[in-house]
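Hi,

Here is the structure I promised to send over. Have a look first, and my notes on the backbone follow underneath.

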Amino acid sequence: MALRRSAVAALTLAVTGALVPVVSAQAAPSADLSTTIRSPRPEHAGTGFDPHAVLVRFKPGASKAARDAALSRRAARVDSAVRGTGYVKVRTDGSATELLAALRADPAVATATLDHRRRAAARPNDPAMADDQFWALNALRLPKAWDYVKGSTSQVIAVVDTGVNTGHEDLVGRTVPGWNALNPAAAPVDDNGHGSMVAGIAAANTDNGKGIAGVAWIGRVMPVKVLDADGIGYDSDIAAGITWAADHGAKVVNLSLAGPDDNPALHEAISYANDKGAVVVAAAGNEGTGAAQYPAAYPEVLAVGATDNGGNLTDFSSHGDWLDLTVPGLNIHSTGLGQSYPVVDGTSFSAALVSGIAALVRTKYPDFPPNRVRERLTATARDAGPRGLDPYYGYGWVDAFRAVGSTGTSLAVPLPEMYPAEPNDVPVRATPMGAIETWDRINTGGDVDWFRFDATMRKGITLTLRPSDSSALSHNPDLAMTLYDANLRRLAAADATGKSGTEQLTATVEAGRHYVAVRNNNGSHSSAYVLKPADVAAGTTTPAGERIWVRDVSPPDFALDQPVTLRPSVTFARAVAPESVTGATVKLLDGRGDYPVQATRTVTGNVVTIVPLEPLFDNHPYRIVVNGVTDTAGVTQTERFTTTFKTKDLPPGPLWGFAAIGGYRRVDVRWGLPRITDYDQVIVRMAAGTTPPASPTAGTAVHPGSQYVVNLTPGTTYSFAGWVRDKSGNYSKVSTARAAGTATSIVSSPTSLIHGTAEVTLTGRLVRTDTGAPIAGVPVELHARRKGTTTFTYLGSVTTTSTGSLTYARLRPEYSTEYKWVFRGSNDKATGQAHVGAASALKLVSVAPYLSARLSKTSFALGGSVTLSGTVTPEHPAGQTVYLQRSVGGVWKDVASTKLSSVSSYSFTIKPAARGTYWYRVRKPADSDHLQAWSPARSFKVS
């Protein structure tokens, strides 16, 4: 038995069905507080940004005048260049966020961003974080996860256990009201210590300068007592405690208890909590065997096994196909009774770590239901042990940093290496056994080593299997061995002792080849052992037992770098009935989720070849499982055979359908992902011109959160390049696209007119700026605005001819008008070419008003008078001034003025002082939207 610290708080099922924890003697308990003591809520320490600075990259080709204008208009100035980036730091006395919004809309600016403030990864000041506790939490990348999220007081973790020591200095203020299922009238006081240990690991007061750091940082604990002072409790109380916690707002339910018996009532309580929105986390148990443990084995539960801080599975951690995750469970610092800080071992405390991380995930993703939280934790776990999902590590080792949102894959502590293909994983590759002794090792959970020896005559033999003692590491193996004859029929087996025990078997063998299989009953790995044979007197021949079914498999167990075109094969020890070989009996499974790979199977004698219908994913684990095949004698296989392999890590395939979709001064970049399971990121870069960026760091980044590139410089062609990056850092081949810049000319005929006397025709031509080629068959809009105003009005749309020409006729402007063609962008379906939309230059068509002029008479005697009146068309506002002009010697001079009436009319009364012929007209000065105009000249005679 492995020697561990005595504070192992694993829970094992007693004969009575009670749950009995094994705990060390604790300090005398202090009086627990019966009411919750609350402390001030810590504030989040956000990263922030410089409130008066923005980082800016100007567009290539933007003139110095344009760059200076972009800043001077916003009262900003260049502070310094950001070395090696192409950015400059721009400073303002005003708001950085307002400056950012303004600069992002400026046509001279390519990109702009706030100057964010960052700091070192969060490392709380709790003393244990400077000591051994740091290694366990850092191994899970919790300090980096805390940079993303520090939990929430709304994330309540129900510790369904022996109660909680709410008076502990590191738990004061961290609890919410709880419940005592054993005595509802009493407080959920911890009279054992186990529940307080679990609570401290999950959510002790963090960054308070005392004791330990709780994983959930500012999360809260709900004490629910279901076990008595001896750690004994019944499913009825446990189920009641779970449902009470769910009804009272628990977001996470921690069950650091385990036993081998299923109970529908317990399962129903867990289903109820799951339906109420609580994530249920349970310890895998400390039996160190593959026997199912409950409640961990229920599908709604995150079942957690224990490793050391280096990711090596402990010998006590229970395992099986129901296991989901592993985290450290050795030397875990926690809070205990009184004011103690015990260091404990066990899957109970592994579960507490995951409960705290689940609370962080729920803080980051508050809308996630329980199944999404479970998926987040399992999908971001790092593979460990055998390839893919396995019975010893589940989905792998928890990575808290990735679980709360990071895309990084590097862990602070490397996991146990992925072992190369086993040299002796099946009988056909059995290692010759030495005459004196043979050394080997169990590499990882599920490893089986095969050996062979040849007997020249009938004899007795004793085989001794002795493991090395790794008690200090808690990685002691529980070895077993089986002896087989040449036909792989079982002759004898040895599996009598427990961990670190020596196994021995004696049997009589006939002349010929024999095989010995060595396996480990628990999940510990890297366990060396020695196998020694010794001849003894022959006895009675041992009757042959069940036969081994699989003689060979390709690829070997734990094989790496297999081709994606692989066709795995299984060689049976004898011929099998072809009709028994189906997708249910010979499976190829996706190792990350146990999903079947679509494949056909061919049977040739005793060889079955699996032919996948599609290439396998690269850098991906797979599993071959054989169970239930029948041989030609009608015997059906009952002992499952399984083996794993991993495909070669290849660069991802390129983006498909990578295209630039033209818009008005914008481009929408679209793509589809290739078939990939280790996707990390799509990187899209852009450059002005016809040459796309040559690498993932060249050019300008297209914002990763958007496929839209806006505020492009009119007339400029842009080229785009895209890559897929996988989690290994491999890049796909580049995908490229181009969006051609465009230009539209605009001509008017005439350029000026008197209102009502002529029509205007606008023409133009739409071409690509990179080649000068016309763009045919696309709609172009005509927009107009009254001179002196800022708002354009849409007039209509025309389609370009084969030469790119545009014509819009029969315009009758009321006032001086600015016209422009607006091309919204297009995409040539035949060539896939995108065109970036832009507007033409403004074209002004000037309009003069028409002034009518009427004389009341054309002749009269001296001393009389005449009236010259008329109107201004189009109608002008009342009060504008018009002038009466008289021609003297061929020169027109203003002689009087008046104001327009409300109906845009005027009237002048003229009384000449001498006889003769007089010529008069009326002048209307220019205003904001009309040219200066004159009425027709009128004459009269005075006699």
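Let me start with a question: is R141 buried or exposed? Keep in mind that this is a predicted model.

R141 turns out to be buried, since its relative accessible area is 5% and the cut-off for buried is under 20%. I picked this arginine out for its backbone: R141 has a positive phi of about 60 degrees, although it is not a glycine. If you want to find R141 on screen, go to the loop between α3 (133–139) and α4 (142–148).

There is another non-glycine residue with a positive phi, namely A75, at about 55 degrees. You'll find A75 in the loop that runs between α1 (64–72) and β4 (76–82). A75 counts as exposed because its relative accessibility is 56%, and exposed means over 50%.

Now for the cis peptide bonds.

One of them joins S554 and P555, with omega at about 5 degrees. P555 sits in the loop between β25 (550–554) and β26 (559–562), and S554 is the residue on the other side of that cis bond.

Further along, the peptide bond from S749 to P750 is cis too, and there omega is near -5 degrees. P750 belongs to the loop between β42 (747–749) and β43 (752–754).

So where should you click to see these spots? Try R141 in the α3 to α4 loop, A75 in the α1 to β4 loop, P555 in the β25 to β26 loop and P750 in the β42 to β43 loop.

Cheers

Key: Residues are numbered from 1 along each chain as its sequence is written. This is a predicted model: local features need pLDDT of at least 70, side-chain atom pairs count only at pLDDT 80 or more; totals for chains, interfaces and linings use all residues. Side-chain values use heavy atoms; hydrogens and water are left out. Helices (H or I, at least four residues) and strands (E, at least two) are DSSP runs, numbered from the N terminus. Buried means under 20% relative accessible area, exposed over 50%, partly exposed in between (1.4 Å probe, protein chains only).
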